[in-house]
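Here is a quick walk through one protein model, residue by residue and then out to helix packing and the pocket. Pull up the viewer and follow along.

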Amino acid sequence: MAEDVAVSEETLTDALSLLVNMGKVLLQNAKEEAAASLENFVPHKITTLFGLITAGANFYKSLGVKKKSEAEAIWQKSYHCAAVREQVEELLQLENEWDSFLESVDEGLQTTDVQLSGGNKTDSLSPETLFTDGRSGKSVTLGQYLGQGQSLLLVLTRHFGCLLSRDHVTELEACQALLEARSVRVLIVSFGSVEGAQLWLEQTGCTFDILLDPQRKVYRSFGLGSSYIKVMKFDCLLQYSNYVAANIDFPDFPHRLLEDLYQLGGDFLLDDAGKVLLSHPSKNPLDRPTVEDVLQAVDRELH
């Protein structure tokens, strides 16, 4: 636990300073590349900002912790120290500048959720909604899953290599019996290819049905766009650092099958006619509803 970790003020100040300086270098380089050509920066250079994940993990390791909340607990105890306080304030300022820059990228390329979806979010899906079965590659309709006296939980994932999407599916599998007892069937929805789906299934051993929406029509009907600020937000990348600090490997997935790294996901519960009972568009890659949220939505419909 963080409260058991003894870190000198000098060590803490040095660690904070290193993280801040690394972040400033990454951000300054990104700003220069974007100023030269925003259209060239995004597909070829924006991924350099992921360097913050490694910097964050090294910061945690230097303090003997594994996540941001534990690091915060340490610096809060030393906040009376002027040097520590100065570096924490520098870190918070960097976070503001980082997020503001990514907001400008979204605005410059018109990649915000509202712009991409037209601002409208559907309250139901038609039974004629087309998908591709990720296991067989055959065309299927939503209607083949509706009208069976059960609710459908559509889990719209991010790209197949997303560790957070995998974690969410794993959590749902752990609660599968509980969901089935309340007549909830889980359908995984991705925008990737059949090849990517089959490799993902092989790597994860997922037992849920997986449907593909390659044109992302369902994604957009729920207001889900690609967003640089939401995926690469400063705090979100430092959350990814938790995995690295804990020595958890990211999925080994071919880059050619990753599709759009910045597409957002979400969870949407439908009744057996296709009406939306629960709409949870992800605010960032970490944001998913709990199983309890889903079951409460089912209970509200029943009562």
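Let's start in helix α5, which covers residues 82-109 and is where you'll find Gln-93. This is a predicted model, by the way. Gln-93 has a relative accessible area of 41%, so it counts as partly exposed. If you draw a line from its C-alpha to that of Ala-6, you get 26 Å in space for a pair 87 residues apart in sequence.

Now jump to strand β6, home of Leu-269. Is Leu-269 buried or exposed? Its relative accessibility is 0%, so Leu-269 is buried. Leaving out residues up to four places away in sequence, Leu-269 touches Ser-151, Leu-152, Leu-153, Val-184, Lys-275, Val-276, Leu-277, Leu-278, Val-294, Ala-297 and Val-298. Gln-110 is another matter: its C-alpha sits 29 Å from that of Leu-269, with the two positions 159 residues apart along the chain.

His-168 belongs to helix α7, residues 163-174. With 6% relative accessibility, His-168 is also in the buried class, because buried means under 20%. Setting aside residues up to four places away in sequence, its contacts are Val-155, Asp-267, Arg-288 and Pro-289.

Ser-193 sits in the loop that links β4 (184-190) to α9 (194-204). Its 25% relative accessibility makes Ser-193 partly exposed. Beyond residues up to four places away in sequence, Ser-193 touches Phe-160, Leu-212, Leu-257 and Glu-259. Ala-181 is just 12 residues from Ser-193 in sequence, yet the two C-alpha atoms are 32 Å apart in space.

Here are the C-alpha separations side by side:

| Pair | Apart in sequence | C-alpha to C-alpha |
|---|---|---|
| Gln-93 and Ala-6 | 87 residues | 26 Å |
| Leu-269 and Gln-110 | 159 residues | 29 Å |
| Ser-193 and Ala-181 | 12 residues | 32 Å |

Next, some backbone oddities. Most residues other than glycine have a negative phi. Arg-216 has a positive one, near 60 degrees, and it is not a glycine. You'll find Arg-216 in the loop between β5 (209-212) and α10 (217-221), and at 15% relative accessibility it is buried. Asn-247 also has a positive phi, about 60 degrees, without being a glycine. Asn-247 is in the loop between α12 (234-245) and β6 (266-270). With a relative accessible area of 62%, Asn-247 is exposed, whereas Arg-216 is buried.

On to helix packing. At what angle do α1 and α3 pack? Helix α1 (residues 9-36) and helix α3 (residues 51-63) meet at about 175 degrees, and their axes are 10 Å apart. Angles over 145 degrees count as roughly antiparallel, so that is the label for α1 and α3. On the α1 side, the contact is made by Thr-11, Leu-12, Ala-15, Leu-16, Leu-19, Met-22, Gly-23 and Leu-26. From α3 come Gly-51, Leu-52, Ala-55, Gly-56, Phe-59, Ser-62 and Leu-63. Sorted by class, this contact has 10 nonpolar residues, 5 polar ones and no charged ones.

Last stop, the largest pocket. Its space comes to about 380 Å³. Which residues lie nearest its centre? Of the 17 lining residues, those are Phe-50, His-159, Gly-161, Phe-250 and Leu-261. The lining of the largest pocket splits into 12 nonpolar, 4 polar and 1 charged.

How values were computed:
Residues are numbered from 1 along each chain as its sequence is written. This is a predicted model: local features need pLDDT of at least 70, side-chain atom pairs count only at pLDDT 80 or more; totals for chains, interfaces and linings use all residues. Side-chain values use heavy atoms; hydrogens and water are left out. Axes are lines fitted to C-alpha atoms, for helices over the stretch in contact, and angles run from 0 to 180 degrees between N-to-C directions. Helices (H or I, at least four residues) and strands (E, at least two) are DSSP runs, numbered from the N terminus. Angles under 35 degrees count as roughly parallel, over 145 as roughly antiparallel, 65 to 115 as roughly perpendicular and the rest as oblique. Contact means heavy atoms within 4.5 Å. Ala, Val, Leu, Ile, Met, Phe, Trp, Tyr, Cys and Pro count as nonpolar, Asp, Glu, Lys and Arg as charged, and the others, Gly among them, as polar. On a 1 Å grid over the protein atoms alone, a cavity is a set of points where a 1.4 Å probe fits but cannot get out, and a pocket is an open set with protein on both sides within 12 Å along at least five of seven lines; lining residues have an atom within 4 Å of a point. Grid points are joined across faces, edges and corners, and a volume is the space filled by probe spheres set on the points. Buried means under 20% relative accessible area, exposed over 50%, partly exposed in between (1.4 Å probe, protein chains only).
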